[in-house]
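Open the model in your viewer and keep the selection panel at hand. The stops below go from the whole chain down to single residues.

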Amino acid sequence: MDIGKELLLEMYRRMQRIRQFETRLKDLTIRSEIPGFIHLSIGEEASAVGVCAALRPTDRITSTHRGHGHPIAKGGELKRMLAEIYGRRTGYCKGKGGSMHIVDYSLGILGANGIVGGGIPIATGSALAARVMKRDDVTACFFGDGAANEGTFHESLNLAGVLKLPVIYVCENNGYQVFTSAASVTAGGSIAARAQAYGMPGFALDGNDVLEVYRYASNAVARARAGEGPTLLECRTYRWEGHVVGENAFGGRPYRSEEEVAAWKARCPIVQFEKRMLESGRVSREELDQLIAQTQAELDAAVEFARSSPLPDPSEAAADIYG
Ligand SMILES: Cc1ncc(C[n+]2csc(CCOP(=O)(O)OP(=O)(O)O)c2C)c(N)n1
Ligand SMILES: [Mg+2]
């Protein structure tokens, strides 16, 4: 698959945005500038970016509790995301949602979600809505290996398989569900293989290879748009950080070996992508460095914006609340 240079650089920019945003977020959280639980997806940037690069602006995504990378990959603004995480009025949900509730309907970002597996029926409903409204938009649904063992996964894939809905199920298998290894609680061993039971194609991919993810996602999107139905992609990847920032405070025993973490860090999705682009000769080190510097400046401005934004007024506490 021939990918234009402009798209390659845009994918790289978005991976850098995610990495830098979350690295700064970790620091701000440790310094107690930010309230609430923060789940980082450092190390998992390729699946978010590879899938979203295959989507168009009117396509939609659902995300998870580990939900900063997906909205950034879909084009979310760093400053409004950070303001939301700071609980400020200028944030995406006017400061009342926080890290696990980043939403931007105008970009097709239907929301991060604190309920494990909660995004899967939402994405399935979104795909059904596109069908009913006679739009050829596709919905990409991100979820973890833990969510693949929830009832919502099975009910949703069954419905999508029966109705041939335009949805791409993207399981980011990072090998863990909090402190439990996926291998110890996942019957059958392969999440991708579950697709067969629901009448759709399923593929297990190198989730750290942004170009491989993009290739599979593009095929799945084309299929969905043509009315041929859903696809399940299992992206095998790894989270470099703890389940949540500060997980050591929970007092648990170490659940991953230092060697395992080091081996995955050596397979950094950003470094691997850089290497391939530089080796192809299509992109120069200077071009990449320029994108890194631009992202740093963008992030500095976002931190300043969030810090200087006002908190929501107490009189707004019950506004925009449904249910
Ligand atoms: C329905 C539900 N059950 C349990 C939890 C607590 N919980 C939060 S994250 C998580 C693990 C999810 O693992 P996975 O789906 O693999 O996502 P990852 O954290 O690895 O990205 C659990 C059990 C929850 N938020 N919602
Ligand atoms: Mg997981």
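Start with everything selected and colour by burial: 46% of the 323 residues of the chain count as buried. Keep in mind that this is a predicted model. Switch to cartoon, and eleven helices and seven strands appear. The radius of gyration is 19 Å, close to the 20 Å that the globule rule gives for 323 residues, so the chain is as compact as a globular protein of that length. Along its principal axes, the C-alpha trace spans about 55 × 50 × 45 Å. Now draw the contacts with a sequence separation of 6 or more. Residues 24 or more positions apart account for 76% of them.

**Stop 1: the ligand**

Select ligand 1 and show what lies around it. The shell has 16 residues. Val116, Gly144, Gly146, Ala147 and Gln177 are the closest. Colour the shell by residue class: nine residues are polar, five are nonpolar and two are charged.

**Stop 2: helix H8**

Select residues 210-225. This is helix H8, with 16 residues. From first C-alpha to last, H8 reaches 22 Å, close to the 22 Å expected at 1.5 Å a residue. Next, show its buried side: Val210, Val213, Tyr214, Tyr216, Ala217, Ala220, Val221 and Ala224.

What do the buried residues of H8 pack against? Three helices come up: H1 (5-30), H2 (45-52) and H10 (269-280). Add the strands S3 (167-173), S6 (202-206) and S7 (231-236). Then step just past the end of H8 to glycine 227, where phi is positive, at about 85°.

**Stop 3: the nonpolar core**

Move on to the largest nonpolar core, which holds 79 residues. Which of its residues touch the most other members? Select Cys141, Ile168, Val170, Ala217 and Leu233. H8 gives the most to this core, with eight residues.

Centre on valine 170 and hide its neighbours within four places in sequence. Its remaining contacts are Ser47, Val51, Ala140, Cys141, Phe142, Leu233 and Cys235.

**Stop 4: arginine 236**

Go to strand S7 and pick arginine 236. Is arginine 236 buried or partly exposed? Count the other C-beta atoms within 10 Å: there are 19, and a residue is buried at 20 or more, so arginine 236 is partly exposed. Beyond four places in sequence, arginine 236 is in contact with Asn173, Ala204, Leu205, Asp206 and Gly207. Now measure across to cysteine 171. The C-alpha atoms of the two residues are 8.3 Å apart, with their positions 65 residues apart in sequence.

**Stop 5: two positive phi values**

Finish with backbone angles. Most residues other than glycine have a negative phi. Two residues here are worth a click.

Select valine 178, in the loop between strand S4 (176-177) and strand S5 (180-181). Phi of valine 178 is near 55°, a positive value in a residue other than glycine. Valine 178 has 13 other C-beta atoms within 10 Å and is partly exposed.

Then jump to aspartate 320, in the segment after helix H11 (285-308). Aspartate 320 is not a glycine either, yet its phi is positive, at about 60°. With 10 other C-beta atoms within 10 Å, aspartate 320 is exposed.

Conventions:
Residues are numbered from 1 along each chain as its sequence is written. Chains are lettered from A and ligands numbered from 1 in the order in which they are written. This is a predicted model: local features need pLDDT of at least 70, side-chain atom pairs count only at pLDDT 80 or more; totals for chains, interfaces and linings use all residues. A residue is near a molecule or strand if its C-beta atom, placed from the backbone, lies within 6 Å of it. Ala, Val, Leu, Ile, Met, Phe, Trp, Tyr, Cys and Pro count as nonpolar, Asp, Glu, Lys and Arg as charged, and the others, Gly among them, as polar. Helices (H or I, at least four residues) and strands (E, at least two) are DSSP runs, numbered from the N terminus. The radius of gyration is taken over C-alpha atoms; the globule rule is 2.2 Å times the number of residues to the power 0.38. A residue is buried if 20 or more other C-beta atoms lie within 10 Å of its own, exposed if 12 or fewer, and partly exposed in between; C-beta atoms are placed from the backbone. Two residues are in contact if their C-beta atoms, placed from the backbone, lie within 7 Å. The expected span of a helix is 1.5 Å times one less than its number of residues. A nonpolar core is a set of buried Ala, Val, Leu, Ile, Met, Phe, Trp, Tyr and Cys residues joined through C-beta atoms within 7 Å.
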